[in-house]
2 protein chains.
Amino acid sequence: MTIAEHRGELADAVLRPVRGHHAFESCVERLATSIRLGIYADGSTLPPERDLADRIGVSRATLREAIAALREAGLVTTRRGRGGGTVVTFRPGEPGSAPTLARPRAELLDALDFRRIVEPGAAWAAADQDLTVAQDEMLRTALEQVSTASTKALHRQADSLLHLAIASVTGSPLLIDAVTNVQMCLHDMLDAIPVLDRNIDHSRRQHVAVVEAILAGDAAKARRTMESHCDDTAALLRGLM
Amino acid sequence: MTIAEHRGELADAVLRPVRGHHAFESCVERLATSIRLGIYADGSTLPPERDLADRIGVSRATLREAIAALREAGLVTTRRGRGGGTVVTFRPGEPGSAPTLARPRAELLDALDFRRIVEPGAAWAAADQDLTVAQDEMLRTALEQVSTASTKALHRQADSLLHLAIASVTGSPLLIDAVTNVQMCLHDMLDAIPVLDRNIDHSRRQHVAVVEAILAGDAAKARRTMESHCDDTAALLRGLM
DNA sequence: CCGATAAGGTTCGAAACCAGACCTTATGGG
DNA sequence: CCCATAAGGTCTGGTTTCGAACCTTATCGG
């Protein structure tokens with residue numbers, strides 16, 4: 001009786017596709033998500049192509065094709081010359097407007113489960129460390145944006161940014177990456193269903209509680225509260241899909 | 001006062017390399033890790049090249065180059081003809097034998113932090129679901145292998161396999177992937193430091209407690225225990241690096 | 001007003017990667 | 001014994017990606 005009998009199942013764990021798509025596709029997805037999540041807001045200018053290509057880890061040629069795709073899709077416009085660049089021209093639409101889900105259902109449901117682990121973990125890690133003044137301020141600002149968002153679409157953007165901000169202050173690249181990917185999936189789902197005012201209000205209260213716990217350094221409470229938040233969001237999404 | 005002021009930090013979250021290395025390198029790493037972690041034990045045969053290439057999501061040509069690299073490194077040998085294939089010829093060395101760390105220190109330390117979140121999460125998720133008979137048996141077997149390993153090297157392999165087994169029974173691809181990557185980093189670190197008998201004994205007790213909690217369906221306890229385990233391992237590694 | 005400069009636009013060869021067809025070898029079953 | 005078969009080994013054409021140099025445009029500062 002050895003573990004070898006179960007090797008097949010373990011092999012599944014490590015013998016998985018080494019990279020999802022082509023560089024070009026991944027590149028488009030990254031940029032489109034950055035824009036749709038509001039990291040690059042309407043009217044703001046993307047970094048120069050050479051910088052972007054370096055940071056995304058892709059050749060400039062590939063990056064340019066990706067930008068061309070975004071331009072095609074109407075998300076950005078590009079101007080030449082000094083002071084030019086690629087500027088965002090995108091205003092988020094109301095939830096429920098997306099006709100169909102971009103990804104397979106199973107992948108989205110998996111993202112919900114994974115989120116239940118990493119986002120509370122991020123809240124815990126964020127609370128369990130000394131925040132710089134800038135980080136403290138970023139969290140407060142992100143929270144305020146969520147509370148004062150005037151439309152559902154803007155609220156959804158601010159929501160994503162708050163979650164990213166929490167992951168960001170942990171300073172852990174792996175954790176930041178995990179939360180970013182999860183938020184991308186979440187965004188696709190939220191685009192496909194209508195959201196009620198009372199849901200927004202409920203999550204707003206949870207956001208306040210999470211940020212308060214983080215700022216107070218109460219790691220256990222931050223995690224617990226974030227767990228409730230994830231559970232509630234997940235229940236809502238699972239019910240409507 | 002808007003979130004845009006902090007956009008730079010958030011941009012860091014999403015503007016990261018879209019794929020770490022070339023397909024070839026990632027492929028070598030995956031396979032080498034599978035072998036060194038003991039998923040493919042000494043003497044066992046790898047799946048046929050065509051199957052492997054499909055599962056790793058890489059062309060057969062690229063896979064073959066990766067296998068050639070493994071052969072060069074003495075990890076496998078290859079025989080042609082029917083009934084042939086690529087068989088593993090690798091016996092794990094004692095810890096402390098690796099002269100240098102394969103990855104940058106920061107990456108390894110980050111992996112420890114990330115592990116503190118995902119592995120307890122995996123234990124929680126594993127306990128919080130109905131296990132099939134096969135899964136139940138896999139966990140018991142993996143635990144037994146850890147307890148009865150005759151050498152430190154074998155113990156380290158069995159340790160990794162147990163953690164992978166726990167992640168595996170959750171059935172969540174994202175979680176499995178996260179734990180797999182973390183275990184790869186951990187393996188590199190454990191290769192570089194000497195391990196004491198009393199450390200092994202301590203972690204053995206923790207493994208037993210975690211698996212018991214999972215089998216009993218006590219999610220909270222499974223997570224708590226795994227957290228302690230991760231904390232202890234991390235403290236040991238951080239102290240010796 | 002005009003040139004240094006900071007951006008995007010273009011081109012080209014090299015390398016990696018892929019998909020598929022085909023060849024070679026050795027074994028195991030009839 | 002022998003051949004169908006399951007493996008690894010080889011070749012080829014085509015696509016993607018890269019890297020790096022070079023061109024073009026438009027602004028900002030002196």
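Q: Let's begin with the DNA. Of the atoms of DNA strand D within 4 Å of the protein, what share belongs to sugar or phosphate, and what makes up the rest?

A: A good way in is to split the DNA side of the contact into backbone and bases. This is a predicted model, and in it 68% of those strand D atoms belong to sugar or phosphate, while the rest belong to bases.

Q: Which residues are closest to DNA strand D?

A: Start with the full set around the strand, then pick out the nearest members. Here 25 residues surround DNA strand D, and the closest are A23(A), S59(A), T62(A), R60(B) and R64(B). By class, the surface near the strand has 12 charged, nine polar and four nonpolar residues.

Q: Which atoms of DNA strand D do S59(A), T62(A) and R60(B) approach?

A: For each pair, ask whether the protein atom is in the backbone or the side chain, and then which part of the DNA it faces. S59(A) has a backbone N or O atom 2.9 Å from a phosphate oxygen of strand D. With T62(A), an N or O atom of the side chain is 2.7 Å from a phosphate oxygen. R60(B) addresses a base: an N or O atom in its side chain is 2.7 Å from a base nitrogen of strand D. Looking at elements that give two or more residues to this surface, you find α2 and α4 from chain A, together with α3 (49-56), α4 (60-72), β1 (76-79) and β2 (85-88) from chain B.

Q: Now the other strand. Which residues come nearest to DNA strand C?

A: Read this strand in the way you read the last one. Of the 24 residues around DNA strand C, the nearest are E49(A), R60(A), R64(A), A23(B) and T62(B). Sugar and phosphate account for 68% of the strand C atoms that come within 4 Å of the protein. As for contacts, a polar side-chain atom of R60(A) lies 2.7 Å from a base nitrogen of strand C. A23(B) places a backbone N or O atom 2.7 Å from a phosphate oxygen, and T62(B) has a side-chain N or O atom 2.9 Å from a phosphate oxygen.

Q: How many residues does each chain give to the protein–protein contact, and how much area is buried?

A: The size of an interface is often given as the accessible area lost when the parts come together. Between chain A and chain B that area is about 5900 Å², with 64% of it from carbon and sulfur atoms. The contact takes 61 residues from chain A and 61 residues from chain B.

Q: How many salt bridges and polar pairs cross this interface?

A: Count the charged pairs, then the polar ones, and then see which elements supply the surface. Three salt bridges are found across the interface; one of the pairs in a salt bridge is R16(B) with D177(A), at 3.9 Å from N to O. There are also 12 residue pairs in polar contact. The largest share of the side of chain A that touches chain B comes from α5(A), with 10 residues. By class, that side has 35 nonpolar, 12 polar and 14 charged residues.

Q: What rotation superposes chain A on chain B?

A: Look at the angle and the shift along the axis together. A rotation of 180° with 0.0 Å of shift along its axis superposes chain A on chain B, with an RMSD of 0.1 Å. The two copies are therefore related as by a two-fold rotation axis. In addition, 100% of the interface residues of chain A are also interface residues in chain B, so the copies meet through the same surface.

Note on methods: Residues numbered from 1 in each chain as written. Chains lettered and ligands numbered in written order. Predicted model: local features only at pLDDT ≥ 70, side-chain atom pairs only at ≥ 80, totals over all residues. Heavy atoms only, no water. Near = heavy atom within 4 Å. Polar contact = N/O pair within 3.5 Å; in protein donor to acceptor, adjacent residues only side chain to side chain. Contact = heavy atoms within 4.5 Å. Buried area = accessible area lost by both parts, 1.4 Å probe. Salt bridge = Lys/Arg side-chain N within 4 Å of Asp/Glu carboxyl O. Helix = DSSP H or I, 4+ residues; strand = E, 2+ residues; numbered from the N terminus. Nonpolar A, V, L, I, M, F, W, Y, C, P; charged D, E, K, R; others polar. Least-squares fit on C-alpha atoms with pLDDT ≥ 70 in both.
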